[in-house]
Amino acid sequence: MASKEAIEVIEPATEQVMAELPRAGAEEADAAIERAKRAFPSWAAMAPGDRSALLHRLTNAIEERSEHLATLEARNAGKPISDARGEIGMVVETFRYYAGAPERLTGKTIPVAGGVDMTFREPLGVVGLITPWNFPLTIASWKVAPALAAGNTIVLKPAELTPLTAIELEKIALEAEIPEGVLNVVPGPGSVCGKRLVEHPDVAKVAFTGSTEVGRGIAEGAAATIKRVTLELGGKSANVIFGDADLEAAASSAPLAVFGNAGQDCCARSRILVERSAMDDFMSALEDAVKSITVGDPLSEQTQMGPLISADQLHTVSSYVNGDAPVAFRGSAPDGPGYWFPPTVLAPVSNDDRPAREEIFGPVACVIPFEGEDEAIRIANDTIYGLSGSVWTRDGAKALRVARAVETGVVSINSNTSVRVSTPFGGFKQSGVGRELGPDALEAYSELKNVYMATEG
Ligand code: NDP
């Protein structure tokens, strides 16, 4: 039995302990903040080209370890190895994208009387990064790469359930000659280490991805020291399918848009809104697609969906599919050890029902019928969340009208993709504050400084 000071890392497909490591507490968090604070002046002062070269070196070192990192992530998070490879590919792409950024952090000159006015983007200092268990290293990279590029030093607190790839990243960074203290990883509980990052006066900013509930607490805690925050929180995204859409394409793409990563995805299109006239055709195509999803061993190349992350998550997700739930059809799931839950479609569901209102974070989709464009928009927006969503139609003007009317940070037309390294990602409403990725993320890790120089004699 592990001591309270050890984190037992469980493999969700087998329920076996795959690693034990020391659990960091407030003292370790403080020490990491102190190391980051000491490392900051020279990292911030480094010539942009030199910082860029080190970030390129780090990118290459991560790329060399891709298969090892993907296997670790697949086992620890229970995700299919093919997905894990794609995610580590995105980690590499993210580091490469921001490796070029130190030399592109340009300011402006602004015409003024009596002199010259110019702006600079200055680093913030020590930034605290708190990441979840669903896409562990990917989400860490969205924060670490722009934060380092902008000249900050970092304390990263991964989720206790999935700390292994973050710990590897810290080692890889040292091997790639990122100076000591620039990137520090603190594997410990959110209620202790995460809270310390939020409260500590030497931390200038907290960037967090996780539940809306914890995000609210972080925003409150950060207020005490007026910390900058970026919050990427929950979602309950709508996949709006009009009767004039390519229904085959919409139905074949819909399942993995909600069951991918076993539904543990803040962008999951977990509310499938279908125009009433297309319901029968869509549902029959959806049933075939859902029943053909391969659920099983994350390390098998054929697997499309793995287990849930934990026994707690299995318990929570199961509570949405009780005796009264209108189960239309389900896919399969293995028996035996592991936190398995089959892909499940509830239909028809009202948008007022609990499974349509709450972020289930598991493989449960609600199909909600609608009549016409106005009702589709009203239902899509009838939620506290506003992260992602899709519109399927062959009518280009209608697609753009609906995309503009949906209150979310990211919308796809005739596609269910949400995230690209080079484009901004983040939420409206209670899905968060701020944007990650793309060119704008650098602004979230720097302060705008205005300098005026008098030039008149
Ligand atoms: P949390 O929001 O609790 O966890 C996310 C991260 O925040 C973890 O690193 C966690 O640490 C940390 N954390 C927890 N409490 C605090 C705190 N008081 N101060 C600072 N950091 C803290 O998500 P859960 O893991 O509990 O998942 C619960 C639900 O949240 C899911 O079912 C899902 O609905 C949603 N969720 C949404 C995500 C998203 O991408 N939008 C991602 C993950 C969850 P630790 O866990 O190590 O204690």
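**Exercise 1.** Work through the polar contacts of the ligand in this predicted model: which polar backbone atom lies 3.3 Å from a nitrogen atom of the ligand?

*Solution.* Start with the ligand nitrogen: its partner, at 3.3 Å, is a polar backbone atom of Gly210. Next, turn to the ligand's oxygen atoms. A polar side-chain atom of Ser211 sits 2.7 Å from one oxygen atom of the ligand, and a backbone N or O atom of Gly190 is 2.8 Å from an oxygen atom of the ligand. Now for the cover: on its own the ligand has 860 Å² of accessible area, and the protein covers 80% of that.

**Exercise 2.** Sort out the shell around the ligand: which helices and strand each supply at least two residues?

*Solution.* Begin with the count: 26 residues surround the ligand, and Thr131, Trp133, Glu160, Gly190 and Ser211 come nearest. Then go by element. Helix H7 (190-199), strand S8 (203-209) and helix H8 (212-223) each give at least two shell residues, with H7 supplying the largest share, three residues. Finally, split the shell by class: twelve nonpolar, ten polar and four charged residues.

**Exercise 3.** Look at H4 and H5: how are these helices oriented to each other?

*Solution.* First, get the geometry: the axes of H4 (residues 81-99) and H5 (residues 136-149) come within 9 Å, crossing at roughly 10°. Angles under 35 degrees count as roughly parallel, so H4 is roughly parallel to H5. Next, pick out who touches whom: the H4 side includes Ile88, Val91 and Phe95, while Leu137, Trp142 and Val144 are among the H5 residues. By class, this contact has eleven nonpolar, three polar and one charged residues.

Technical notes
Residues are numbered from 1 along each chain as its sequence is written. This is a predicted model: local features need pLDDT of at least 70, side-chain atom pairs count only at pLDDT 80 or more; totals for chains, interfaces and linings use all residues. Side-chain values use heavy atoms; hydrogens and water are left out. Axes are lines fitted to C-alpha atoms, for helices over the stretch in contact, and angles run from 0 to 180 degrees between N-to-C directions. Helices (H or I, at least four residues) and strands (E, at least two) are DSSP runs, numbered from the N terminus. Angles under 35 degrees count as roughly parallel, over 145 as roughly antiparallel, 65 to 115 as roughly perpendicular and the rest as oblique. Contact means heavy atoms within 4.5 Å. Ala, Val, Leu, Ile, Met, Phe, Trp, Tyr, Cys and Pro count as nonpolar, Asp, Glu, Lys and Arg as charged, and the others, Gly among them, as polar. A residue is near a molecule or strand if one of its heavy atoms lies within 4 Å of it. A polar contact is a pair of N or O atoms within 3.5 Å; within protein, one must be able to donate a hydrogen and the other to accept it, and residues adjacent in sequence count only if both atoms are side-chain atoms. Accessible areas come from the Shrake-Rupley method with a 1.4 Å probe; for residues, only the protein chains shown count as cover.
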